[in-house]
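Welcome to this short tour; please have your viewer open and your selection tool ready. At each stop I will suggest what to pick and then tell you what is there.

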Amino acid sequence: MTLRDARLGVKHRPMTGKSLTILGIETSCDETAAAVVRGRAPGPGEILSNIVFSQTEAHAPYGGVVPEIASRAHLEILDNIIGRALDEARVSMAELDGIAATAGPGLIGGVMVGLTTGKALALGAGKPLVAVNHLMGHALTARLTDGVEFPFLLLLVSGGHCQLVGVGGPDDFRLYGSTIDDAVGEAFDKTAKILGLPYPGGPAVEEAAKSGNAKAYELPRPLLNRRETGNGADFSFSGLKTAVRQIAQKDVNVPDASASFQAAVIDILCDRSRTAMDMFRRDFRSGNSFVVAGGVAANQAIGAALVKLCKAQGFVIHVPPPRLCTDNAAMIAWAGVERLSHHAGGDALSTSPRARWPLAERK
Ligand code: KG4
Ligand code: ZN
């Protein structure tokens, strides 16, 4: 009997409208995470446990994530993390309605560890498997926390992604803009490295910026005020990074450089978001929720600027708490809740892990 035959032998009842209890597994980057979430769409849901083991220390000496180290670390600790998540939630495997694991995008070795573990648990327990797009996890977090209704406009800002997306439903993602070079978190991490700040760079730059003068250095704002021309809400950060490298060649004041860099990022994010708000309004004609997701959403200064923008533009902003903005498995479990209530059988056990898996294509 092949895995696929075994999978097809499992009978699953329709799950629409039912409250679901899902185990989530996340291993796509440098966090090994497992969580149990209970709820039904549109949320909010209940987080019964949310265990995140960060490998930051293992990667810190290299100034970035080393894929080989990451996959080995996931493999060593994942069963322990899953055990803790189930224990803390006081939920047995038998009580679960399904198992959701990140199937991409991300570092392929890590994704394979998590997805294979999810498949094995699903097969062993006779539960549906949900192969979750990591970006969908970030995108739907505001439904887990706040029960935000569709449609909403999403600003996804993480270490690997920078996108503005109109979200019409769990299967309806419309790309308004994405980065043409670096992701915004990547720009924070590279800037930190240039300025000699510790890894991960985002929190370090934000901290340094608090005591700096944002007007000290004049930095470029690529694509700013570019009027909407089809791909109107695209981002670019590599010119900004190069400019930071140039000022760092001389005697640089680190807090001032951090504050100036962060101010430029804020201007770019606000300008592009405003353009995307126009595109969203034209596209959906209803809905005024603006959701910020991904690790960079933990940045308080960026959050404050976006609050102001939303107020001026008639949008209601939703920013999940920092521990749900950075990588975690509660968001993967919640994506499992949303997907299973639409597709009760879940995904085939033959589902492949994907290093690249865009959330949305340009329409
Ligand atoms: O979503 P995430 O945890 O992982 C990815 O899927 O990429 O995002 C991690 C990124 C890193 O680049 C990190 O430097 C950035 O989010 N980040 C921040 C802050 N906290 C994390 N960037 C700016 N300010 C922060 N406070
Ligand atoms: Zn992420």
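Begin by selecting S6 and S9: these two strands run parallel and are joined by 5 bridges. For a single pair to look at, pick Phe-152, whose bridge partner in S9 is Ser-289. Keep in mind as you go that this is a predicted model.

Now widen the selection to the whole sheet. It is open and has 5 strands, ordered S8-S7-S6-S9-S10, with mixed pairing. At the edges you will find strand S8 (172–178) and strand S10 (316–318), each of which pairs on one side only. Turn the view to follow the twist, which averages 25° from one strand to the next.

Next stop: the helix H9, residues 254–284. Start at its beginning, where a side-chain oxygen of Asn-253 comes to within 2.9 Å of the backbone nitrogen of Asp-256. Then travel along the helix to its other end. With 31 residues at 1.5 Å a residue, H9 should span 45 Å, and its end C-alpha atoms lie 44 Å apart, so the two values agree. Just after H9 comes Arg-285, with a positive phi near 65°. Colour H9 by accessibility and you will see that the helix is mostly covered, with 23 of its 31 residues buried.

What does H9 supply to the largest nonpolar core? The answer is 13 residues, the largest share of this core. The core has 44 residues in total, and those touching the most other members are Tyr-176, Phe-237, Phe-261, Val-265 and Phe-290. Other elements that each supply at least two residues include strand S7 (162–169), helix H6 (184–194) and helix H10 (300–313).

Centre on Phe-261 and show its surroundings. Leaving aside residues up to four places away in sequence, Phe-261 touches Ala-187, Phe-188, Thr-191, Val-205, Leu-219, Leu-240 and Val-244. There is also a second, separate core of 36 residues, with Val-130, Val-165, Ala-330 and Ala-333 among its members.

For the last stop, select Ser-341 in helix H12, residues 330–342. Is Ser-341 buried or exposed? Its relative accessibility is 13%, so Ser-341 counts as buried, the cut-off being under 20%. Show the polar contacts of its side chain: one reaches the backbone oxygen of Val-337 at 2.7 Å, and another reaches the backbone oxygen of Glu-338 at 3.1 Å. In an α-helix, residues three or four places apart point the same way, because there are 3.6 residues a turn.

Key. Residues are numbered from 1 along each chain as its sequence is written. Chains are lettered from A and ligands numbered from 1 in the order in which they are written. This is a predicted model: local features need pLDDT of at least 70, side-chain atom pairs count only at pLDDT 80 or more; totals for chains, interfaces and linings use all residues. Side-chain values use heavy atoms; hydrogens and water are left out. A nonpolar core is a set of buried Ala, Val, Leu, Ile, Met, Phe, Trp, Tyr and Cys residues joined through side-chain atoms within 4.5 Å. Buried means under 20% relative accessible area, exposed over 50%, partly exposed in between (1.4 Å probe, protein chains only). Helices (H or I, at least four residues) and strands (E, at least two) are DSSP runs, numbered from the N terminus. Contact means heavy atoms within 4.5 Å. The expected span of a helix is 1.5 Å times one less than its number of residues. A polar contact is a pair of N or O atoms within 3.5 Å; within protein, one must be able to donate a hydrogen and the other to accept it, and residues adjacent in sequence count only if both atoms are side-chain atoms. Two strands pair if DSSP finds at least two bridges between them. Axes are lines fitted to C-alpha atoms, for helices over the stretch in contact, and angles run from 0 to 180 degrees between N-to-C directions.
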